Amino acid sequence: MDAPHVGAAINPISDGKSPFVMTGCVGEKLHKPLYSDIVLNNTIGRMLRNRGSFGRNCSETMSCRWGTELWDQFDNLEKHTHWGIEFVEKYTKFVKERSEIEISYAKQIRNLSKKYQPKKNSREEDEYKYTSCRAFLMTLNELNDYAGQHEVMAEDLTTHIICELTRYIQELKAERKSHFHDGRRAQQHIENSWKQLESSKRRFERDCKEADRAQQYFNKIDADINVTKADVEKRCYLKARQQAQMKHQVAEDSKNEYLTFLQKFNKEQNAHYHTLIPHIFQKLQEMEEKRIERVGESMKTYAAVDRKVLPIVGKCLDGMTNAAESIEPKMDTKHVVESYKSGFEPPGDVEVEDYSLSMRRTVSESSYLNSQGESKPSRSNSRGKLWPFIKRNKGSGPEDCSHLPPEQRRKKLQAKINDINKEIQKEMDQRDALSKMKDVYVKNPHMGDPNSVDPRLEEIGQNIDKLQLDARKYEAWLVEVETRLAEKSDPHRPPSGLYNSQTTTPVNNNCAHVSRESPDGSYTEDHSTEHHLKSRSTDFDDDFDYEDPLPTIGTCKSLYPFEGQNEGTISMTEGELLYVIEEDKGDGWTRVRRNEDEEGYVPTSYIKVFFDTNAKDS
C-alpha cells in the first residue's frame with residue numbers, strides 16, 4: 001500500500017461505517033504544515049508495520065488464526081457461520097427423512113409378514129405339516145425380526161443424531177449470536193472514538209486556520225510603514241497582535257486536544273484489532289471447528305447405526321437360509337400319503353357277465369334256474385363302481401367318523417383322543433391347583449374360606465368324568481378300526497369281498513349290501529350282522545345268481561333332494577314317496593325302493609320314515 005501524504009490522517013473506516021475494513025487514504029491538506037505532522041508520520045509508520053505482519057500466508061502453517069488472518073472480514077465471517085448452521089440443519093433434515101424411510105419400510109415389511117402368516121383355525125394350519133410350508137413360516141418370522149432391526153435403526157438415528165443435533169443447533173445459534181453481539185459492540189465503540197477524533201481534528205484545523213489568518217493580519221499591520229501614531233494610539237496594532245497570540249493559543253490547545261484524542265484512538269484501535277477482535281474471531285473459529293467436528297461425529301454415528309444392526313440382520317438371513325435347507329421333499333411326499341391314504345385294498349378283476357348264455361340254454365338246463373329270478377339281472381353287479389372313482393360326500397359326518405376311509409378314520413379318532421387327553425390334563429392341573437389353594441385356606445383361615453373352592457372342584461370333577469367317558473368311547477372306536485385294518489392286512493385271512501377267492505361263484509347278500517360299506521365309500525362294516533350266503537351246487541357256476549326282492553317294511557317321504565351318484569345309492573327328489581325295504585343299521589343309511597328295478601341307499605336324515613308295524617314284525 002502506498003504511504004499516505006505527510007500530514008494525512010489514517011482512516012480505519014473506508015465506508016464510514018465499519019471499523020473492520022482498514023484502508024489508508026490521503027487526508028485533507030492543511031494550508032500550512034503543522035507540528036502535529038511529525039506525530040502523525042510516526043503513527044503511520046507504526047500502523048504500516050503492523051499491517052505488514054497481517055499478510056502471512058496460511059499455507060505456510062496449519063494453525064491459521066481468524067483473529068490475525070481475517071481481521072478485516074467481519075461481514076464474511078458472519079455469512080459463513082450462518083451458512084454453517086444451515087448446513088447442520090440440512091444434515092439433520094437428511095437424517096430425519098432417512099429415519100422416516102426406515103420406519104415406513106419396517107411397517108411395510110411387518111404388514112407383509114403378517115399378511116402371509118397362517119390364520120388361526122383355518123385350513124392353512126394343516127399345510128404347515130409340510131417342511132416347505134414350515135420353512136416359509138420360519139422365513140416370515142425372520143422377516144418380522146428383520147423389520148424390527150430397521151425400527152431399531154430409526155430409533156437410534158432419532159436418539160443419537162436428530163435429537164442431539166437439534167439441541168446443538170440451538171446452542172450454536174445462541175453462541176454465534178453472543179460473539180457477534182460482542183463484535184458489534186466493539187465496532188460501535190471504535191466508531192464513537194473515531195468520531196471524537198474526527199471532531200477534534202476538524203476543530204484543530206479550524207483553529208489553525210483562524211490563527212494563521214490572525215497572524216497574517218498582524219504581520220500585514222506590522223509591515224505597513226504607513227501606520228500612523230494615531231493608529232498605534234488607537235491600539236489597532238496591539239489589538240491585532242493580541243488577537244494573533246490568542247488564536248495561536250487556541251490553535252495550540254486544539255492541537256493538544258487533537259493529539260490526546262489521537263493517542264486515545266490509536267490505543268483503542270490497537271486494542272481493537274490486536275486484542276478484542278482477534279479474541280472474538282478466535283471464539284468464532286473454535287465454534288466453527290467444533291461445529292465441523294460435531295458434523296463428522298454425527299456422520300460416524302450414522303454409519304455405526306447401520307453397522308450395529310448388521311450382525312442381527314445377518315442372523316435373520318442365516319435363519320432364512322437354514323429354513324430353506326430344512327426342506328425335505330421326501331418327508332413332504334410321505335405326509336401326502338399319511339394325509340390321503342384311505343386304507344382300502346385295490347379292487348380286483350371284474351367278472352365277466354355273459355348274457356348270451358341264457359339264449360343257448362336248453363329246456364332241461366333252464367330247469368335248474370329260479371323261474372322268478374330268470375327274468376331279472378343281478379342289481380348288485382349291474383351298477384358296480386370301482387373305489388378310486390367314488391365321489392365322497394363332504395361334511396362333518398357322524399361322531400365316530402364312520403364316513404371316513406379306514407386310515408383317515410383312525411387318524412381322526414387318534415387326534416380326537418389326543419385333544420381329549422390334553423383337556424383332561426388341563427382340568428387335572430386346575431383341580432390340583434385348587435386343592436392346594438384349599439389346603440392353604442384350611443391352614444390359614446384368614447386367607448379365605450375353604451368351602452368356597454368346593455363348587456369349582458365339583459365342576460372340574462364332572463368335567464373330568466365326562467372327558468374320560470368321551471376318551472373311552474373314542475378309544476373303543478379306535479380299537480375297532482385298528483382291528484379291521486389288521487384283519488385286512490392279514491394275508492391268511494379269507495377275503496370278505498364281493499367274490500369268494502376260492503371259486504368264481506358270486507357271493508350274494510340277502511341285504512344286497514356287501515360288507516356294510518357305506519354308499520359314499522366310507523368303511524362302516526358291521527360285524528354284528530352275518531352275511532347269508534347262497535350257494536347252489538349246480539353245473540352252472542359261471543351263470544348269474546338272482547335274489548328275491550326284499551319285502552317292504554314301510555314308506556318314506558324325501559325331505560331334501562339327493563343326487564345318489566355313489567355306488568349303491570339312489571337319487572331322489574324333494575317330496576318323493578319311496579318304499580322302505582331295510583331300516584338304518586346305525587350307519588346313517590336307509591335302503592329304499594322306487595320300483596322293481598330301482599333300489600338303493602339314501603341318507604336317513606334326508607327322509608321321514610313311516611314304518612308298517614305288521615310288515616316290520618313279520
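How many salt bridges does a search of the whole structure find? The search turns up 25 of them. Keep in mind as you click around that this is a predicted model.

**Stop 1: a bridge between helices 5 and 7**

Select glutamate 257 and arginine 203 and show their side chains. The two meet in a salt bridge, with N and O 2.8 Å apart. Glutamate 257 belongs to helix 7 and arginine 203 to helix 5, so this pair ties together parts of the chain that are 54 residues apart in sequence. To see how much of helix 5 and helix 7 there is, colour residues 131–223 for the one and 236–325 for the other.

Are the two partners buried, partly exposed or exposed? Glutamate 257 is partly exposed, at 29% relative accessibility, and arginine 203 is also partly exposed, with a relative accessible area of 26%.

**Stop 2: a bridge within helix 7**

Stay on helix 7 and pick glutamate 252 and lysine 255. This pair forms a salt bridge too, and its closest N and O atoms are 2.9 Å apart. Here both partners sit in helix 7, three residues apart, or about one turn of the helix. Switch on a surface and look at each partner in turn: glutamate 252 counts as partly exposed at 34% relative accessibility, whereas lysine 255 counts as buried at 8%.

**Stop 3: the negative patch**

Still with helices 5 and 7 in view, select Glu171, Glu175, Glu286, Glu289, Glu293 and Glu297. Together they make a patch of negative charge on the surface. Which helices each supply at least two residues of the patch? They are helix 5 and helix 7. Helix 7 gives the largest share, four residues, and glutamate 293 is a helix 7 residue.

**Stop 4: helix 3 and its contacts in space**

Now bring in helix 3, residues 74–115. Isoleucine 85 is in this helix, and it is buried, with a relative accessible area of 6%. Draw a distance from its C-alpha to that of glutamate 288: the two atoms are separated by 9.2 Å, although the residues are 203 apart along the chain.

Then add Trp83, Phe87 and Met299, which make a nonpolar surface patch of about 290 Å². Tryptophan 83 is another helix 3 residue, and it is partly exposed at 46% relative accessible area.

**Stop 5: aspartate 318 and the cysteines**

Go back to helix 7 and find aspartate 318. This residue is partly exposed, with a relative accessible area of 46%. Glutamate 142 is worth selecting alongside: the pair is 176 residues apart in sequence but 9.1 Å apart in space, C-alpha to C-alpha.

While you are in this stretch of numbering, select cysteine 316, which is buried at 3% relative accessible area. Cysteine 208 is buried as well, at 14%. How many disulfides does the structure hold? There are zero, so don't expect to find a sulfur-to-sulfur bond when you show the cysteines.

**Stop 6: helix 12 to helix 13**

Move along the chain to lysine 438 and aspartate 454. Their side chains meet in a salt bridge, 2.7 Å from N to O. The pair links distant parts of the chain, 16 residues apart: lysine 438 lies in helix 12 (residues 406–443) and aspartate 454 in helix 13 (residues 454–489). Lysine 438 counts as partly exposed at 25% relative accessibility, and aspartate 454 is partly exposed at 28%.

**Stop 7: a loop proline and a salt-bridge network**

Now step to proline 398, in the loop between helix 11 (379–382) and helix 12. This proline is partly exposed, with a relative accessible area of 38%. Which distance separates the C-alpha atoms of proline 398 and aspartate 587? They are separated by 8.6 Å, with their positions 189 residues apart along the chain.

For the last selection, take Glu582, Arg591, Arg593 and Glu599. These four residues are linked in a network of salt bridges.

Technical notes
Residues numbered from 1 in each chain as written. Predicted model: local features only at pLDDT ≥ 70, side-chain atom pairs only at ≥ 80, totals over all residues. Heavy atoms only, no water. Patch = residues over 30% accessible without salt bridge, like charges linked within 9 Å, V, L, I, M, F, W, Y side chains within 5 Å. Areas by Shrake-Rupley, 256 points an atom, 1.4 Å probe, with all protein chains shown as cover. Lys, Arg positive; Asp, Glu negative; His and termini not counted. Charge placed at Lys NZ, Arg CZ, Asp CG, Glu CD. Disulfide = S-S within 2.5 Å. Buried < 20%, exposed > 50% of the residue type's maximum accessible area, 1.4 Å probe, protein only.
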